[in-house]
Structure formats: C-alpha cells, structure tokens
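Morning, everyone. I have one structure to walk through today. Please keep the sequence and the model in view while I talk.

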Amino acid sequence: MTDTRQTPQGVPEAAARLLEAAATRVPSAPVRDLIGTSDIGAAYAVQQRITAAHLARGARVVGHKIGLTSPAVQQQLGVDQPDFGVLLDDMGHTDGDTVPYASVLQPRVEAEIAFVLGADLAEGPLDPARVRAAVDHAVAALEICGSRVAGWDITLSDTVADNASAGAFVLGRERRGLDEFEPRTAVMEMSVDGRAVSKGTGADCLGDPLAALLWLARTARDLGDPLRAGHVVLSGALGPMSPLAPGAQVTAVIGGLGTVSTAIGEGTV
C-alpha cells in the first residue's frame, strides 16, 4: 500500500512486536498500548509495515480478506465493524489439503465465500453493479484465522494491525459465476470432526457478501491498495468461528458452491 502520511507514534514498535510473535511462534501482548484503540489509520499503518516485511522476504499478494462481517463473530470478539487484511501466496491451500497446525497461531476456522476478480476495482465509481460485474467466479472457502496476540485478547485496532488475524485459507473446486449463484441467499453449514459447529447464510455477512466486497473495494482504494483482477477476496464469515486442535477435520457446505474441506496437521511449517 502507498501511504505518504507521517508515521503515527507507536507504529514501528507495534509492527516489530507482531512480527516477532509470528517469527518465534510465541503470541505477544496486544498492541493497543502502542497505537490506542481509536486510530484505525495507525492500525492499518502497522498492517502495511508487516505486509512490506513479508514482501521483502519474497511473499506475493494474492488477494484480501474481509473480517468481522458476521454479527456472531463480532460478538465473539467484541468488535462492531468490519476490517480487512492481505492474503499472501503462502497462506493459500486447495480443497482437501492439510494445513500444518504450526503454520497458524491459535487457529480458528470460519466458512466463507471466496470471490475471484476478473477486473480491477481501481478507477471510477465503485457501486454495487460495478463490483458484481468485476467478479469472475465464486468458490466455497475456509479461512483459518490466527492471532499473534495472546489469548485472542483483541480490540479492533489489535486485529487490524495483525493483518485482520489472517492465517491460512482453503479454496473449493466448484466455480460458479454470479449469473448462476446468488451469494446473499447461500446457506452454509460447517462441521469439525463430524460435528456441526457453525450455520449461517450469505445474509449474515453484512447483509450480502457482495456488500462486503463493495465495502472492501472502496476502503482498499482509499488506502491506496485497490483490488486487482485475479485477486481472491474472502467475503468474511457466514457464521460463528470455531477453534481448532491438531488433527481436526473441517468441512463446510455452501449451497450453490458445494463443499470445501481441510485437515489440520500436527507437523511444523
């Protein structure tokens, strides 16, 4: 992202704290003592620094995730508005893959719709029709959220700084264009080890997953990092998230998009 403003106080130290937690796999204290709880611009500045550090090490941006779109998840985490983070290539997995447990700190899973863009959302007016037309196809997805903050003790500024608690994501294999699939009415059920742990619909995601995509398109462009063709966008949860233990088996069924599954391994990264 491009941001020419003066760096807010506390941003470099907050980024260093979260990067150290990721590198050592030891969750850190929250960063709100450094950047406060009301300056979300400062929190995104931390996120930008962390992303830049990963890019400098060879990672590649492949999309974005929208977070905190479900009222159930907002209630779970004590926040009241959405946020977004960056998806890197080493976070991505395909349906049926095993996600190493050690690759995500304090993992929790949620079922989502993933939009794959066929056009940039960078110039001109960004309205619902434009955003809908930019979607090439949708697939069922699982997001393995992770927090570098100990005990998930987060406010909005903590999770924004921590790349919206991004960890890993798994994409299903069935692709549907929006002429044959309506995200708002999709019904989701997710199970862990054969037990249903989350249910919801597309309407539980900011009223419509496409409304979440519109919010992201406008917000990301305002921050100098517009959405691009080919990028994956995770819509945000369609229902509550569930904690994961080593060896867990996760499956989500999303009406119109089929199933997506993953296993949580016990090995190292």
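Right after α7 comes G224, with a positive phi near 85 degrees. Remember that this is a predicted model. Now the helix itself. α7 runs over residues 209-222, which is 14 residues. From first C-alpha to last, α7 reaches 20 Å, close to the 20 Å expected at 1.5 Å a residue. At its start, a side-chain oxygen of D208 comes to within 2.9 Å of the backbone nitrogen of L210.

Which residues of α7 are buried? P209, L210, A212, L213, L214, L216, A217, T219 and A220. The elements that cover them include β1, β2, β5, α5, β6 and β10.

Take L213 from that helix. Setting aside neighbours within four places in sequence, L213 is in contact with I66, F115, L117, V131, V135, L227 and V233. L213 is also among the residues with the most contacts inside the largest nonpolar core, together with I35, V46, I113, L142 and L227. That core has 73 residues. Another core lies apart from it, with 15 residues, among them V62, V86, A166 and F169. In soluble globular proteins, nonpolar side chains tend to be buried together.

F169 takes us to strand β7, residues 168-171. A168 and V170 point one way, F169 and L171 the other. All four positions are buried. In a regular strand the side chains alternate between the two faces of the sheet. What does β7 pair with? With β3, residues 92-94, in the parallel sense over three bridges. T94 has L171 as its bridge partner there. With β6, the pairing is antiparallel, over four bridges. There, L142 has V170 as its bridge partner.

Next, T262, in strand β13, residues 258-264. Is T262 buried or exposed? Buried, because its relative accessibility is 3% and the cut-off is under 20%. Look at its side chain. A polar atom there lies 2.7 Å from the backbone oxygen of D97. Leaving out residues up to four places away in sequence, T262 touches D97, T98, V99, L142, I144, V170, A248, Q249 and V250. So L142 and V170, the bridge partners from β6 and β7, are both on that contact list.

Now the backbone oddities. Most residues other than glycine have a negative phi, and most peptide bonds are trans. Q106 is not a glycine, yet its phi is positive, about 50 degrees. Q106 sits in the loop between β4 and β5. At 23% relative accessibility, Q106 is partly exposed. W152 is not a glycine either, and its phi is positive too, about 55 degrees. W152 is in the loop between β6 and α6. W152 counts as buried, at 8% relative accessibility.

Last topic, cysteines. How many disulfides does the model have? Zero. C145 is in no disulfide, and the nearest cysteine sulfur, that of C205, is 12 Å away. The cut-off for a disulfide is within 2.5 Å, so a pair 12 Å apart does not count. C205 is likewise in no disulfide, with C145 holding the nearest cysteine sulfur. C145 is buried, at 2% relative accessibility. C205 is buried as well, at 0%.

Note on methods. Residues are numbered from 1 along each chain as its sequence is written. This is a predicted model: local features need pLDDT of at least 70, side-chain atom pairs count only at pLDDT 80 or more; totals for chains, interfaces and linings use all residues. Side-chain values use heavy atoms; hydrogens and water are left out. Buried means under 20% relative accessible area, exposed over 50%, partly exposed in between (1.4 Å probe, protein chains only). Helices (H or I, at least four residues) and strands (E, at least two) are DSSP runs, numbered from the N terminus. The expected span of a helix is 1.5 Å times one less than its number of residues. Contact means heavy atoms within 4.5 Å. A polar contact is a pair of N or O atoms within 3.5 Å; within protein, one must be able to donate a hydrogen and the other to accept it, and residues adjacent in sequence count only if both atoms are side-chain atoms. Two strands pair if DSSP finds at least two bridges between them. A nonpolar core is a set of buried Ala, Val, Leu, Ile, Met, Phe, Trp, Tyr and Cys residues joined through side-chain atoms within 4.5 Å.
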